[in-house]
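Please open the model in your viewer, with a cartoon for the backbone and sticks ready for side chains. The stops below say what to select next and what is found there.

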Amino acid sequence: MGLTRDKMSFVGMHHLFYAYNAVVTLLIAAFMSLTQIKIVESAGAKYFLERVSVLPAPAPENFFVTCLSFLLLVAFGRLYTTADTRESWQYVYMFLEVCACIFVMHSINLAYDGVVLVIVADLMRRYAGRNQEYILPAAMTLLYFIANYNLVALKMKVVPFEAYIAYYNGAAQTVLLATKNTLVSLNIVLFVIFIVLLVKSNHEEKERIRQLNARLEDANEQLRLYAQEAERTAETRERNRLAREIHDTLGHTLTGIAAGLDACIMTMETAPEFSKKQLGKIRQMALDGIKDVRRSVKKLRPDALEKLPLRYALAKMTAEFAESSGMDITFDVTGWPDNLRKDEEEVVYRIVQECLTNANRHGRAKHVGITVGGDGEVLRIIIADDGQGAQEIKQGFGLRHMKERLDLLHGSLNYWSDGGFIVEAAIPINKERS
């Protein structure tokens with residue numbers, strides 16, 4: 001996620017604050033080193049040493065220490081502000097940054113205490129409101145005592161800045177003191193600007209988080225509504241599926257039983273043995289239908305498909321229906337795919353079952369021809385009967401359920417009446433369902 005404008009301004013101000021203090025610190029260190037060199041060259045060292053209580057370090061060495069200390073201050077500050085809040089190393093980086101600040105201030109003889117505000121700026125930037133709610137005040141108090149010249153001078157022997165200024169004449173001393181005070185004041189102004197930008201950035205961040213939370217709540221609400229709608233849709237689809245299963249199973253079974261009983265009624269007196277044999281087949285068909293109903297309710301496949309491959313299950317089902325109904329049923333296979341999924345097998349089985357039921361119940365057909373063929377990509381099932389046909393075809397429960405089953409497999413269903421009734425179904429082989 002990119003930085004916002006206020007965030008970029010705040011980060012840029014933080015870098016500017018570091019750069020400004022680096023320039024001021026190095027200017028003061030350079031001024032002290034050059035003044036010390038001039039004092040030595042002008043043979044005024046004796047007078048200078050009488051005004052101080054400690055021997056100053058050599059000018060080049062002291063300037064180098066100042067540069068190195070400030071570089072360490074920048075490095076530890078960077079590590080502290082970028083460290084993971086869960087790492088304990090952040091406190092070590094903060095301690096090392098404070099130590100580097102002390103070395104910087106000591107190297108310039110406490111002539112400039114604005115560098116302390118760099119530490120405060122890092123603490124404010126990193127302030128998280130947890131453990132640092134105790135660490136921040138403690139660190140700022142420690143830095144205050146370090147920065148206060150009157151308290152530190154009792155512990156640390158340093159060469160005062162005024163001793164270097166005293167080398168110059170009165171007018172130069174006034175300019176130097178005014179310049180130093182201006183630099184200190186400007187540093188405070190920059191620090192105040194930094195705090196203002198920090199507050200704005202934190203406010204903007206809180207507002208952004210609030211908006212994100214609001215969007216998240218809206219998204220959660222939409223997901224909840226979608227989940228409810230998906231649950232209702234799933235329930236409806238499952239009810240329709242069970243309705244199709246029960247319709248196909250009961251419709252097929254009861255139609256076969258009715259047709260078989262009609263035949264028994266007609267042959268009861270003339271051929272009692274045939275009627276008795278036919279009643280046995282009808283009884284077995286009823287038992288198979290009961291099994292199918294139970295399995296449909298349990299969301300299982302037809303009993304025949306559980307025990308036999310699809311091709312043999314179709315042959316068994318058509319043979320049994322032919323015996324019970326008295327219809328002449330032919331079953332031809334021109335091409336049979338070997339990689340059908342279970343859901344595809346069930347759809348093929350139910351389509352053939354429904355078409356046989358319709359041919360007997362509505363068409364009063366005497367002959368039904370079933371042709372199954374595939375080219376590796378599409379499996380086609382054609383069921384044609386010689387029944388009464390229909391001048392106006394109305395999509396009833398059975399045709400609608402066949403279409404719904406095929407739609408789930410991205411298949412197609414066509415039907416027409418031509419001296420009977422013809423149904424053609426096409427199923428793409430192993431195409432993923434939507």
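**From a helix to the sheet**

Begin by selecting K403, a residue that is partly exposed, with a relative accessible area of 38%; bear in mind throughout that this is a predicted model. Add D407 to the selection, which is likewise partly exposed, at a relative accessible area of 39%. The side chains of D407 and K403 meet in a salt bridge, with 3.1 Å from N to O, and because the two residues stand four apart in helix α14, they are separated by about one helical turn.

Now widen the selection to the whole of helix α14, residues 397–408, which lies across β4 and β5 and runs at about 150° to β4. Colouring the strands next brings up an open sheet of five, in the order β1-β2-β3-β5-β4 and with mixed pairing. Its edge strands, each paired on one side only, are β1 (328–333) and β4 (412–417). On average, and ignoring direction, neighbouring strands of this sheet are turned by 10° against each other.

Within the sheet, select strand β2 (residues 367–374) together with strand β3 (residues 378–385), which run antiparallel and are joined by seven bridges. To find one position along this pair, click on I370, whose bridge partner in β3 is I383. Then show helix α13 (residues 342–361), which lies across β1, β2, β3 and β5 (421–428) and runs at about 10° to β3.

Stay with the sheet and display E424 and R380, which form a salt bridge whose closest N and O atoms are 4.0 Å apart. This pair links distant parts of the chain, since E424 sits in strand β5 and R380 in strand β3, 44 residues apart. Are these two side chains buried or exposed? E424 counts as partly exposed at 21% relative accessibility, a value to read against the 20% below which a residue would be called buried, while R380 is also partly exposed, at 41%.

For the last stop, move to helix α12 (residues 310–325), where K316 and E320 are four residues apart and thus separated by about one helical turn. Their side chains meet in a salt bridge, at 2.6 Å from N to O. K316 is partly exposed at 36% relative accessibility, and E320 is partly exposed as well, with a relative accessible area of 30%. Should you wish to look for the others, the count for the model comes to eight salt bridges.

Key:
Residues numbered from 1 in each chain as written. Predicted model: local features only at pLDDT ≥ 70, side-chain atom pairs only at ≥ 80, totals over all residues. Heavy atoms only, no water. Pairing = 2+ DSSP bridges. Axes fitted to C-alpha atoms, helices over the stretch in contact; angles between N-to-C directions. Contact = heavy atoms within 4.5 Å. Buried < 20%, exposed > 50% of the residue type's maximum accessible area, 1.4 Å probe, protein only.
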